Amino acid sequence: MCCVPVCIDVPVCLDVLCVCVLMCLCVLMCLCVLMCCVPVCIDVPVCIDVPVCIDVPESFSRWKNCCIRGVLSMAMISGFFMMIYLGPIMLIVVVMTIQIKCFQEIIDIGYRVYHSYELPWFRTLSWYFLVCVNYFFYGETLAEYFGALVQREEPLQFLVRYHRFISFAVYLAGFCMFVLSLVKKHYRLQFYMFAWTHVTLLIVVTQSHLVIQNLFEGMIWFLVPVSIVICNDIMAYLFGFFFGRTPLIKLSPKKTWEGFIGGFFGTLVFGFILAYLLAQFQYFVCPVEYNSETNRFTAECEPSDIFVMHEYTLPFTVQITLSLSPVRTFSVVTSLSLSLSCQDLLCCNFSLSLSCQDFADTIPGHGGIMDRFDCQYLMATFTHVYIASFIRGPNPSKVLQQLLVLQPEQQLSIFNAMRDRLRDRGILPPAATEAM
């Protein structure tokens with residue numbers, strides 16, 4: 001993996017697009033700073049000679065928090081665009097970094113709650129299991145998407161062939177260490193924390209692996225869900241900040257119905273437009289594949305029918321016809337599922353139930369990394385299920401990679417079977433059959 005270049009061929013028009021987007025973000029950042037940092041004027045009578053203590057209004061702290069949150073949001077979005085420009089390998093590194101940080105924040109909450117009990121090896125075993133699960137998932141990714149590279153490297157062939165056995169053996173070693181660490185007076189609590197670690201692995205690591213799988217299906221399946229979640233957070237915050245009056249739920253008083261409804265419609269429009277724009281570029285719609293000859297990632301293909309406009313007639317109406325592409329339908333469904341999902345509220349209430357306002361204070365004005373990426377994991381799972389159910393078909397390149405792993409006798413047997421099958425269907429001319 002280390003010898004694989006980070007770059008990917010990017011069309012010139014995307015360079016111009018990225019520059020324009022970054023310039024717009026810089027302008028928005030400046031406007032946000034000017035708007036949010038306006039001083040709050042308080043009228044004080046001139047005739048007062050004695051010192052007066054003036055309480056800072058609550059609105060000032062709200063605007064200050066808005067300023068901090070807005071500037072950091074623009075900075076994070078700019079960094080996100082830069083990672084997209086650098087290519088798939090950099091995005092995989094970013095996903096893994098975010099995954100590790102989210103895992104650390106959740107484990108630290110459990111450690112703070114039960115710190116006084118001095119449980120042996122709790123944090124050590126938690127990180128050990130994180131390494132085990134990542135080894136398993138990234139090994140699966142290596143075998144699935146880098147088959148040509150594996151064929152060239154002898155050590156990789158051994159690791160891929162016995163990958164699942166090695167993964168199970170490593171996990172079993174961790175399980176034995178957990179059993180050896182049990183203390184008689186803390187049995188129940190230690191099993192609680194063992195379950196805490198595994199549920200965290202299920203929520204964070206498993207779903208972050210789906211993010212990477214979506215990325216290899218095509219950049220659009222990575223960018224649309226991620227951007228929709230970001231848009232929903234921003235629109236819900238802005239509508240709640242300016243128009244919020246009615247609390248959504250009692251456990252989270254800062255969330256309002258106005259913010260929820262504004263985020264819903266804003267995300268719906270944004271997702272529809274974004275899917276249409278990205279579908280115009282081959283770089284975004286084609287599956288990301290590793291080219292063993294050039295040692296580079298490529299995204300070249302004939303765009304699938306799912307990116308082409310189709311006409312649909314609505315049932316139970318007087319011949320009302322809509323022109324939609326399946327990928328734009330996906331953006332609408334994703335926006336609906338995100339707005340109606342409760343994972344953000346669940347994670348928020350989870351942290352509040354443990355007397356924590358946020359998972360951490362990593363990002364000023366935002367909270368922890370998990371506070372910002374909780375819905376990203378749910379959308380990754382939804383996107384993966386959507387692709388597997390409605391989009392994905394047989395992939396010739398993956399089939400070819402699997403054939404190359406087989407023994408020569410097995411390859412020859414498959415070749416003969418395919419030749420006979422094509423001849424029987426009349427696809428292969430008899431002359432070609434005799435030449436073989």
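**Confidence, annotated spans, internal cavity and disulfide of the predicted model**

Among the elements of the chain, the mean pLDDT is lowest in helix H1 (residues 12-36), at 47, and highest in helix H7 (residues 163-180), at 95. The model is a predicted one, and its chain has an average pLDDT of 77, with 73% of the residues scoring at least 70. Two stretches have a pLDDT below 50, residues 16-23 and residues 27-56. Beyond near neighbours in sequence, the model gives six contacts to residues 16-23, and 19 contacts to residues 27-56.

According to the unreviewed UniProt entry, the label "transmembrane region" applies to residues 12-42, 80-100, 121-138, 165-183, 190-212, 218-244 and 256-279. Two of these listed spans were examined for their secondary structure in the model. Residues 190-212 are 100% helix and 0% strand, and the C-alpha atoms at the two ends of this span are separated by 33 Å. For residues 256-279, the helix content is 92% and the strand content 0%, with a distance of 34 Å between the end C-alpha atoms.

With respect to internal space, the structure contains one cavity of 30 Å³ or more, and the volume of the largest cavity is about 110 Å³. The lining of the largest cavity consists of 13 residues, and those lying nearest its centre are Phe122, Leu125, Phe178, Gln190 and Phe194. Helix H4 (122-145) and helix H8 (187-217) each contribute at least two residues to this lining. When the lining residues of the largest cavity are sorted by class, nine are nonpolar and four are polar, whereas no charged residues are found.

With respect to covalent cross-links, a search of the whole structure returns one disulfide. This bond is formed by Cys286 and Cys301, whose sulfur atoms lie 2.1 Å apart. The disulfide is left-handed, because the torsion about the S-S bond of Cys286 and Cys301 is about -90 degrees. Cys286 is located in the loop between helix H11 (282-285) and strand E1 (289-291), while Cys301 is located in the loop between strand E2 (296-298) and strand E3 (310-313), and the pair therefore ties together parts that are 15 residues apart in sequence.

Conventions
Residues are numbered from 1 along each chain as its sequence is written. This is a predicted model: local features need pLDDT of at least 70, side-chain atom pairs count only at pLDDT 80 or more; totals for chains, interfaces and linings use all residues. Side-chain values use heavy atoms; hydrogens and water are left out. UniProt positions are given in the numbering used here, feature names are shortened, and annotations may be inferred rather than shown by experiment. Helices (H or I, at least four residues) and strands (E, at least two) are DSSP runs, numbered from the N terminus. On a 1 Å grid over the protein atoms alone, a cavity is a set of points where a 1.4 Å probe fits but cannot get out, and a pocket is an open set with protein on both sides within 12 Å along at least five of seven lines; lining residues have an atom within 4 Å of a point. Grid points are joined across faces, edges and corners, and a volume is the space filled by probe spheres set on the points. Ala, Val, Leu, Ile, Met, Phe, Trp, Tyr, Cys and Pro count as nonpolar, Asp, Glu, Lys and Arg as charged, and the others, Gly among them, as polar. pLDDT is the predictor's confidence in each residue, from 0 to 100. Contact means heavy atoms within 4.5 Å. A disulfide is a pair of cysteine sulfur atoms within 2.5 Å.
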